[in-house]
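Reader: Got a minute for a quick walk through this model? I'd like to go residue by residue, then zoom out.
Author: Sure, let's look at it together.

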Amino acid sequence: MYTTLLFCHSMLRWFVLGSLLYSIFIAYRGYSLQLSFTKKDNLIRHWTATIAHIQLIFGILIYVQSPIVKYFWANFATAIQNIDAAFFGLIHILLMLVSIVLITIGSALAKRKENDRDKFKTMLVWFSIALLIIFIAIPWPFSFLANRPYFR
């Protein structure tokens, strides 16, 4: 089951990144061109947050089953000095939780804004900050923190 969850988590990251990038593009375009915030824009906002939350559920399920994480917490004093163990035991989950919180807050605030320009601006700011944190927290093949292949 762990391998299946890991595969799904790895694949779903592309949907999270794609939806965030698309949402940021829509928000930038809407804000800069002073467009109306349509029902489609609202659905994009909603589904971006939903996809991120689904990814979080997979991530938490993996976290509680991961042999790396189990080793990290069982041997904290030694494992914290190992960047790979520290990344998956602490850094990855903390940064991803922060980014999901930012996406959730940004989505909720955008939903409640009165005018369309403020909705787009709120999405743009909160989702962009979350995306930056996510880019840092993903174990890319080129990452200095921890690296994994693009597809598992």
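Reader: Where is His9 found?
Author: His9 sits in helix H1. Keep in mind that this is a predicted model.
Reader: Is His9 buried or exposed?
Author: Buried. Its relative accessible area is 18%, and the cut-off for buried is under 20%.
Reader: What is His9 in contact with, leaving aside neighbours within four places in sequence?
Author: Gln55, Phe58, Gly59, Ile62 and His92.
Reader: Which helix holds Ile57, and how far apart are the C-alpha atoms of Ile57 and His9?
Author: Ile57 is in helix H2. Its C-alpha is 9.2 Å from that of His9, and the two residues are 48 apart along the chain.
Reader: Is Ile57 buried or exposed?
Author: Exposed, at 52% relative accessibility. The cut-off for exposed is over 50%, so Ile57 passes it.

Reader: Stay in H2. What about Ile51, buried or exposed?
Author: Ile51 also lies in helix H2. It counts as buried, because its relative accessibility is 19% and the limit is under 20%.
Reader: Which residues is Ile51 in contact with, again skipping neighbours within four places?
Author: Four of them: Leu12, Phe15, Val16 and Ser19.
Reader: And what separates the C-alpha atoms of Ile51 and Leu17?
Author: 9.7 Å in space. Along the chain, Ile51 and Leu17 are 34 residues apart.

Reader: Back to H1. What does Tyr22 contact, beyond four places in sequence?
Author: Tyr22, in helix H1, is in contact with Lys40 and Ile44.
Reader: How far is Tyr22 from Arg45, C-alpha to C-alpha?
Author: 9.6 Å, with their positions 23 residues apart along the chain.
Reader: How accessible is Tyr22?
Author: Partly exposed, at 37% relative accessibility.
Reader: And Leu21, how accessible is that one?
Author: Leu21 is another helix H1 residue. It counts as partly exposed, with 45% relative accessibility.
Reader: How far apart are Leu21 and Ser128?
Author: Their C-alpha atoms are separated by 8.4 Å. Along the chain, Leu21 and Ser128 are 107 residues apart.

Reader: New topic. Which residues make the nonpolar surface patch?
Author: Trp14, Phe142, Tyr150 and Phe151. The patch covers about 460 Å².
Reader: Where is Trp14 placed?
Author: In helix H1, which runs over residues 2–32. Trp14 is partly exposed, with a relative accessible area of 30%.

Reader: Backbone next. What stands out about the phi of Gln34?
Author: The value is near 55°. That is positive, and Gln34 is a residue other than glycine.
Reader: Where is Gln34?
Author: In the loop between H1 and helix H2, the latter spanning 39–65.
Reader: Buried or exposed for Gln34?
Author: Exposed. Its relative accessible area is 58%, so Gln34 clears the cut-off of over 50%.

Reader: Zoom out. How many helices and strands are in the protein chain?
Author: There are 6 helices and 0 strands. Along the sequence the pattern reads α-α-α-α-α-α.
Reader: What box do the C-alpha atoms fill?
Author: Roughly 55 × 30 × 25 Å along the principal axes.
Reader: What share of the residues is buried?
Author: 41% of the 152 residues in the protein chain.
Reader: How many of the contacts come from residues 24 or more positions apart?
Author: 70%, counted among contacts with a separation of 6 or more. The Leu21 and Ser128 positions, 107 residues apart, show such a sequence separation, though the value there is a C-alpha distance.
Reader: What does the protein chain expose?
Author: About 8,600 Å², with carbon and sulfur atoms supplying 71% of that area.
Reader: Last one. How many positive and negative charges are there?
Author: The protein chain has 14 positive and 5 negative charges. The mean positions of the two sets are 7 Å apart.

Terms used:
Residues are numbered from 1 along each chain as its sequence is written. This is a predicted model: local features need pLDDT of at least 70, side-chain atom pairs count only at pLDDT 80 or more; totals for chains, interfaces and linings use all residues. Side-chain values use heavy atoms; hydrogens and water are left out. Helices (H or I, at least four residues) and strands (E, at least two) are DSSP runs, numbered from the N terminus. Buried means under 20% relative accessible area, exposed over 50%, partly exposed in between (1.4 Å probe, protein chains only). Contact means heavy atoms within 4.5 Å. Accessible areas come from the Shrake-Rupley method with a 1.4 Å probe; for residues, only the protein chains shown count as cover. Lys and Arg count as positive and Asp and Glu as negative; His and the chain ends are not counted. The place of a charge is taken as NZ of Lys, CZ of Arg, CG of Asp or CD of Glu. Patches are made of residues with over 30% relative accessible area and no salt bridge: like charges are joined within 9 Å, nonpolar side chains (Val, Leu, Ile, Met, Phe, Trp, Tyr) within 5 Å. A salt bridge is a side-chain nitrogen of Lys or Arg within 4 Å of a carboxyl oxygen of Asp or Glu.
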